[in-house]
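Student: I have a new model open and would like to talk through its surface and its charged contacts. Could we take it step by step?

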Amino acid sequence: MKKLLALAVVAGGVLFVVKRNKAAKAEADLWREATAPTGPVSTNGTTPAKASDASRN
(Lines give C-alpha, C1' and ligand atoms only; values in the text may rest on other atoms or scores of the structure.)
Protein backbone atom coordinates (compact mmCIF):
# COMPACT_ATOMS: atom_id res chain seq x y z
CA MET A 1 0.00 0.00 0.00
CA LYS A 2 2.83 2.41 0.82
CA LYS A 3 4.47 1.68 -2.53
CA LEU A 4 1.29 2.57 -4.40
CA LEU A 5 0.94 5.79 -2.44
CA ALA A 6 4.58 6.69 -3.14
CA LEU A 7 4.10 5.91 -6.82
CA ALA A 8 0.98 8.10 -6.93
CA VAL A 9 2.87 10.97 -5.27
CA VAL A 10 5.74 10.67 -7.74
CA ALA A 11 3.35 10.52 -10.71
CA GLY A 12 1.48 13.56 -9.39
CA GLY A 13 4.74 15.45 -9.03
CA VAL A 14 5.77 14.61 -12.57
CA LEU A 15 2.42 15.73 -13.94
CA PHE A 16 2.64 18.95 -11.94
CA VAL A 17 6.09 19.75 -13.35
CA VAL A 18 5.01 18.97 -16.91
CA LYS A 19 1.92 21.16 -16.57
CA ARG A 20 3.95 24.01 -15.06
CA ASN A 21 6.54 23.84 -17.86
CA LYS A 22 3.80 23.86 -20.50
CA ALA A 23 2.22 26.91 -18.92
CA ALA A 24 5.56 28.69 -18.71
CA LYS A 25 6.25 27.97 -22.39
CA ALA A 26 2.80 29.22 -23.40
CA GLU A 27 3.29 32.41 -21.41
CA ALA A 28 6.75 32.96 -22.92
CA ASP A 29 5.37 32.45 -26.44
CA LEU A 30 2.54 34.89 -25.76
CA TRP A 31 4.96 37.47 -24.36
CA ARG A 32 7.30 37.03 -27.34
CA GLU A 33 4.40 37.49 -29.76
CA ALA A 34 3.09 40.54 -27.91
CA THR A 35 6.46 42.28 -27.79
CA ALA A 36 7.79 41.31 -31.23
CA PRO A 37 8.29 44.11 -33.72
CA THR A 38 5.71 44.11 -36.49
CA GLY A 39 7.94 45.48 -39.22
CA PRO A 40 9.72 48.69 -40.15
CA VAL A 41 8.69 51.57 -37.91
CA SER A 42 9.09 55.24 -38.68
CA THR A 43 9.53 57.94 -36.06
CA ASN A 44 6.86 60.16 -37.61
CA GLY A 45 4.19 57.45 -37.71
CA THR A 46 4.17 56.82 -41.45
CA THR A 47 5.19 53.62 -43.16
CA PRO A 48 8.73 53.84 -44.54
CA ALA A 49 9.17 53.50 -48.28
CA LYS A 50 10.45 50.19 -49.58
CA ALA A 51 14.09 50.08 -50.57
CA SER A 52 14.60 49.88 -54.31
CA ASP A 53 15.90 46.62 -55.70
CA ALA A 54 19.29 47.18 -57.39
CA SER A 55 18.89 44.07 -59.53
CA ARG A 56 15.97 45.62 -61.48
CA ASN A 57 18.02 48.47 -63.02
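Tutor: Gladly! A patch is built from residues with over 30% relative accessible area and no salt bridge, and nonpolar side chains are joined within 5 Å. Keep in mind that this is a predicted model.

Student: Which residues form a nonpolar patch on the surface?

Tutor: Let's begin with one member, Val 10, which sits in helix α1. Val 10 counts as exposed because its relative accessibility is 52%, and exposed means over 50%. Together the patch members offer about 260 Å² of accessible area, and they are Val 10, Val 14 and Val 18.

Student: How many of the 34 residues of α1 are buried?

Tutor: Helix α1 covers residues 2-35 and reaches 49 Å from its first C-alpha to its last, close to the expected 50 Å. Buried would require under 20% relative accessible area. The helix lies largely in the open, because the number of its residues that are buried is 0.

Student: Which residue forms a salt bridge with Lys 25, and where does that pair sit?

Tutor: Lys 25 is exposed at 54%, while its partner is partly exposed at 30%. The two are 4 residues apart in helix α1, so about one helical turn separates them. The closest N and O atoms are 2.9 Å apart, and the partner is Asp 29.

Student: Which residues are linked in a network of salt bridges?

Tutor: Asp 29 also meets Arg 32, at 2.8 Å from N to O. Arg 32 is exposed, with 52% relative accessibility. The count comes to 2 salt bridges, and the network links Lys 25, Asp 29 and Arg 32.

Key: Residues are numbered from 1 along each chain as its sequence is written. This is a predicted model: local features need pLDDT of at least 70, side-chain atom pairs count only at pLDDT 80 or more; totals for chains, interfaces and linings use all residues. Side-chain values use heavy atoms; hydrogens and water are left out. Patches are made of residues with over 30% relative accessible area and no salt bridge: like charges are joined within 9 Å, nonpolar side chains (Val, Leu, Ile, Met, Phe, Trp, Tyr) within 5 Å. Accessible areas come from the Shrake-Rupley method with a 1.4 Å probe; for residues, only the protein chains shown count as cover. A salt bridge is a side-chain nitrogen of Lys or Arg within 4 Å of a carboxyl oxygen of Asp or Glu. Buried means under 20% relative accessible area, exposed over 50%, partly exposed in between (1.4 Å probe, protein chains only). The expected span of a helix is 1.5 Å times one less than its number of residues.
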